[in-house]
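Please open the model in a viewer and keep the selection tool at hand. The tour proceeds by selections, each followed by what is to be found there.

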Amino acid sequence: MLIDALILFAAGLLAGTMNALAGGGSFMSFPALVLVGLPSVAANASSTVALVPGTLASAYAYTTGAGKIGFRGLAGVPFAVVLGTSVAGGLVGAVLLLAT
């Protein structure tokens with residue numbers, strides 16, 4: 001039980017960092033959740049929900065041009081547009097996941 005918690009803690013820390021910097025944090029969190037025994041659909045949903053706060057913070061930073069991160073591809077795009085596009089994509093992905 002303790003080893004499961006340590007695995008999930010480490011995977012969550014790494015996944016959150018990856019997601020905030022470049023995306024792809026689910027490549028760490030999803031396998032860790034499956035490894036500790038969560039069914040794959042529940043692991044996918046849990047991984048996605050857990051990474052939402054970091055994703056929102058990163059999207060806000062990218063759209064406002066905050067920080068000295070050297071990426072300005074979304075600077076000037078309203079945060080609401082980025083958020084709406086992300087939510088729409090998430091809903092389509094959820095429907096596809098449940099339908100297949």
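## A serine pair between two helices

Begin by selecting S29 and S47: in this predicted model, their side chains form a polar contact at 2.4 Å. S29 belongs to helix α2, whereas S47 is part of helix α3, which spans residues 40-64.

Next, colour the two serines by accessibility. Are they buried or exposed? S47 has a relative accessible area of 2% and is therefore buried, the cut-off being under 20%. S29 is also buried, because its relative accessibility of 9% lies under that same 20% cut-off.

Now display the surroundings of each serine, leaving out neighbours within four places in sequence. For S47, the residues in contact are S26, S29, F30 and L33. For S29, they are A15, S47 and L51.

## The two sides of α2

Select helix α2, residues 26-35. Which of its residues are buried? They are S29, A32 and L33. These three lie on the same side of α2, because they cover an arc of only 100° around its axis. The general geometry of the helix is relevant here: an α-helix has 3.6 residues a turn, so residues three or four places apart point the same way.

Rotate the view to the other side of α2, where F27 and L35 are exposed. L33, on the buried side, also appears among the contacts of S47.

Then move just past the end of α2 and select G37. The phi angle of G37 is positive, at about 110°.

## A nonpolar patch on the surface

For the next stop, select V52, L56, L83, V87 and L91 and switch on the surface. Together these residues form a nonpolar patch with about 400 Å² of accessible area. Which helices supply it with at least two residues each? They are α3 and α4, the latter covering residues 79-99. The largest share, three residues, comes from α4.

Finish on V52, a member of the patch that lies in helix α3. V52 counts as partly exposed because its relative accessibility is 38%, between the 20% and 50% cut-offs. To close, show V52 and S47 together: both lie in α3, yet S47 is buried at 2%, whereas V52 is partly exposed at 38%.

Key
Residues numbered from 1 in each chain as written. Predicted model: local features only at pLDDT ≥ 70, side-chain atom pairs only at ≥ 80, totals over all residues. Heavy atoms only, no water. Helix = DSSP H or I, 4+ residues; strand = E, 2+ residues; numbered from the N terminus. Buried < 20%, exposed > 50% of the residue type's maximum accessible area, 1.4 Å probe, protein only. Contact = heavy atoms within 4.5 Å. Arc of directions from axis to C-beta. Patch = residues over 30% accessible without salt bridge, like charges linked within 9 Å, V, L, I, M, F, W, Y side chains within 5 Å. Areas by Shrake-Rupley, 256 points an atom, 1.4 Å probe, with all protein chains shown as cover. Salt bridge = Lys/Arg side-chain N within 4 Å of Asp/Glu carboxyl O. Polar contact = N/O pair within 3.5 Å; in protein donor to acceptor, adjacent residues only side chain to side chain.
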